[in-house]
Amino acid sequence: MGHEQSLEKIQQALLLHECGRLDEARLIYQEIIKENHFQPPVLNLYGTLLLQQGFNGLAVAMLKKVIVATPDNEIYYNRLGAALSGMEDNNKAIVAYSRSTFIKNDLFESQLNLGSALLKIGRIIEAYIPAKRAVHLNTDSWIARLRLGSIYQSMEKYEQAIEEFNLASEKYPFALEPYFQLCRIYNKIQNSKEG
């Protein structure tokens with residue numbers, strides 16, 4: 001396949017991918033990979049698409065190939081972490097997210113994902129630093145505020161948790177989770193006072 005024809009196919013696949021026509025995009029990515037074998041950007045796009053479609057095992061395999069070719073790209077490690085997390089392989093996901101934050105400390109998604117993964121397996125104290133960093137990197141992110149609030153709640157720092165959950169609900173009033181967490185905290189505080 002000629003270079004121009006290959007670029008046209010990549011652009012076509014990317015456009016379909018961005019429009020949500022994932023099955024069509026997947027077929028074109030597969031064709032490009034079959035013809036050109038190893039183009040890290042295409043493998044990354046294909047791995048991302050597989051992740052979006054829930055084919056986490058295939059996504060992991062594809063993203064590992066990309067990382068072998070480009071070992072210092074923080075985005076690839078973040079996506080690998082997401083695929084591993086989708087497979088419930090939390091410890092390996094944490095390693096991938098940690099590598100991403102090591103390469104680039106100011107990538108919001110990696111910090112947020114690392115904090116979430118650590119919180120998920122109960123490593124609350126360790127989860128605090130990346131969650132706090134994620135809030136610092138994107139103060140308008142309701143999900144970052146929610147994660148930080150959840151960490152404070154797990155640490156029984158209820159005032160800080162309430163503050164973060166309130167900020168999360170201000171940032172995105174239609175999200176139910178901050179309100180649910182606030183109710184849990186208020187019920188816990190009220191029950192402990194009555195007790």
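A residue counts as exposed when its relative accessible area is over 50% and as buried when that area is under 20%. Glu88, with a relative accessible area of 54%, is therefore exposed. The model described here is predicted.

The protein contains 11 helices and zero strands. From the N terminus on, its elements run α-α-α-α-α-α-α-α-α-α-α. Along the principal axes, the C-alpha atoms fill a box of roughly 75 × 30 × 25 Å. The chain has 195 residues, of which 44% count as buried. Contacts between residues at least 6 apart in sequence were also examined; 45% of them join residues at least 24 apart.

The largest nonpolar core has 52 residues. Tyr29 and Leu80 have the most contacts inside this core. Tyr29 was followed further, leaving aside its neighbours within four places in sequence. Its partners include Ala13, Leu14 and His17. Tyr29 is also in contact with Val42, Leu45, Tyr46 and Leu49. Each of these last four residues appears among the buried residues of helix H3.

Helix H3 covers residues 40-52. Its 13 residues should span 18 Å at 1.5 Å a residue, and the end C-alpha atoms are 18 Å apart, so the two values agree. H3 is mostly covered, with 10 of its 13 residues buried. The buried set consists of Pro40, Val42, Leu43, Asn44, Leu45, Tyr46, Gly47, Thr48, Leu49 and Leu50. Gly54 follows H3 and has a positive phi, near 85 degrees.

Met62 also touches residues of this buried set. Met62 is found in helix H4, residues 56-69. Its relative accessible area is 12%, which is under the 20% cut-off, so Met62 is buried. Beyond its neighbours within four places in sequence, Met62 is in contact with Leu43, Tyr46, Gly47 and Leu50. All four are listed as buried in H3. Met62 and Leu50 are 12 residues apart in sequence. Their C-alpha atoms are 8.8 Å apart in space.

Helix H6 was examined in the same way. H6 has 14 residues and reaches 20 Å from its first C-alpha to its last. That is close to the 20 Å expected at 1.5 Å a residue. Its buried residues are Asn90, Ala93, Ile94, Ala96, Tyr97, Ser100 and Thr101. Seen down the helix axis, the buried residues of H6 fall within an arc of 165 degrees, so they line one face of the helix. Asn91, Val95 and Phe102 are exposed on the other side of H6. The cover over the buried residues of H6 includes helix H5 (74-86) and helix H7 (108-120).

Ser100 gives a residue-level view of the buried face. Ser100 lies in H6, which runs over residues 90-103. Its relative accessible area is 0%, so Ser100 is buried. Neighbours within four places in sequence aside, Ser100 is in contact with Glu74, Tyr77, Asn78, Leu107 and Ser110.

Two glutamates in loops have an unusual backbone feature to report. Most residues other than glycine have a negative phi. Glu88 has a positive phi, near 65 degrees. Glu88 lies in the loop between H5 and H6. Glu156 likewise has a positive phi, of about 60 degrees, although it is not a glycine. Glu156 lies in the loop between helix H9 (142-154) and helix H10 (158-171). At 54% relative accessibility, Glu156 counts as exposed.

Cysteines and aromatic rings complete the survey. A disulfide is a covalent bond between the sulfur atoms of two cysteines. The structure holds zero disulfides. Cys19 counts as exposed, at 54% relative accessibility. Cys183 has 45% relative accessibility and counts as partly exposed. Aromatic pairs number four in the structure. One aromatic cluster is formed by Trp142, Tyr172 and Phe174.

Terms used
Residues numbered from 1 in each chain as written. Predicted model: local features only at pLDDT ≥ 70, side-chain atom pairs only at ≥ 80, totals over all residues. Heavy atoms only, no water. Buried < 20%, exposed > 50% of the residue type's maximum accessible area, 1.4 Å probe, protein only. Contact = heavy atoms within 4.5 Å. Expected span 1.5 Å × (residues − 1). Arc of directions from axis to C-beta. Core = buried A, V, L, I, M, F, W, Y, C linked by side-chain atoms within 4.5 Å. Disulfide = S-S within 2.5 Å. Phe/Tyr/Trp six-rings, centres within 6.5 Å; stacked < 30°, edge-to-face > 60°.
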